[in-house]
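Here are some notes for a colleague who is opening this structure for the first time. Please keep the sequence and the structure in view while reading them.

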Amino acid sequence: MRIDILTVVPELMESPLNHSIIQRAKDKGVVEIHIHNIRDFSEDKHNKVDDYAFSGGAGMVMRLEPVVKAIEHLTDQREYDEIIFTSPDGDQYDQKTANMLSLKENIIILCGHYKGIDQRIRDHFITKEISIGDFVLTGGELAAAVITDSVVRLIPGAMNDETSALTDSFQDNLLSPPIYTRPAEFRGWKVPEILLSGDHKKIEKWQEEQAYLRTKKLRPDLLDE
């Protein structure tokens with residue numbers, strides 16, 4: 001899989017995408033992640049990428065030309081399954097979307113910035129708009145990192161135990177059940193006996209029941225989907 005991220009602040013992407021599972025996935029050749037500075041595609045002598053909105057008001061808007069040049073620079077080289085724009089008014093991001101994106105071969109993520117991007121980019125180039133929550137960030141870089149992390153960990157070979165991702169919260173519209181590790185007793189707080197029984201069928205049934213009960217208590221909305 002190849003992920004190309006377009007941003008005006010590439011430095012923000014360095015740490016989140018160069019450690020842990022993502023770095024190991026890159027080292028294994030499971031995924032390629034390329035960060036592109038949109039300013040490199042600006043024809044302005046100061047590499048300016050923003051301008052005032054025709055509608056007036058506070059805030060700047062990402063200019064059309066450098067963003068289009070950056071996108072076309074990539075699409076001239078290969079075909080992309082999705083060109084994603086991170087935006088507060090995009091579709092709410094969830095595990096189902098992460099699963100879908102993990103099956104793609106090539107995707108572009110355009111990080112929003114300032115007050116947003118010229119609408120014509122959204123009209124003619126963007127295939128999917130994603131929001132990671134009902135709040136506003138300074139830019140879309142952190143959202144792009146969230147999307148990339150959640151997608152890469154699902155790609156076969158990214159994790160040492162590939163079944164681990166399949167038992168994460170939200171995979172079956174359920175939260176994960178409680179988990180425990182050693183010691184079996186600490187300050188009088190004991191691990192449920194069923195988990196020490198060695199009976200895998202009973203343990204699995206207990207986990208399914210607990211996952212349902214936790215979801216019903218904490219996120220009942222998931223059970224309605």
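The points below concern a predicted model and take up an annotated site, a cis peptide bond and two backbone angles.

1. The UniProt entry, which is unreviewed, carries a "binding site" annotation that covers Gly112, Ile132, Gly133, Asp134, Phe135, Val136 and Leu137, and since such annotations may be inferred rather than shown by experiment, I would word any statement about the site accordingly.

2. Two of the annotated residues can be placed in the fold: Phe135 lies in the loop that runs between strand S7 (128–131) and helix H5 (141–152), and Val136 is likewise found in the loop between S7 and H5. Phe135 has a relative accessibility of 44% and therefore counts as partly exposed, whereas Val136, at 68%, is exposed because the cut-off for that class is over 50%.

3. The peptide bond that joins Arg182 and Pro183 is cis, with omega at about 0°, and Pro183 itself sits in the loop between helix H6 (163–166) and strand S8 (185–186).

4. Tyr114, which is not a glycine, has a positive phi near 55°; this residue belongs to the loop between strand S6 (106–111) and helix H4 (119–124), where its relative accessible area of 31% makes it partly exposed.

5. Arg187 also has a positive phi near 55° although it is a residue other than glycine, and its place is the loop between S8 and strand S9 (189–190). Is Arg187 buried or exposed? With a relative accessibility of 68%, Arg187 counts as exposed.

Terms used
Residues are numbered from 1 along each chain as its sequence is written. This is a predicted model: local features need pLDDT of at least 70, side-chain atom pairs count only at pLDDT 80 or more; totals for chains, interfaces and linings use all residues. Side-chain values use heavy atoms; hydrogens and water are left out. Helices (H or I, at least four residues) and strands (E, at least two) are DSSP runs, numbered from the N terminus. Buried means under 20% relative accessible area, exposed over 50%, partly exposed in between (1.4 Å probe, protein chains only).
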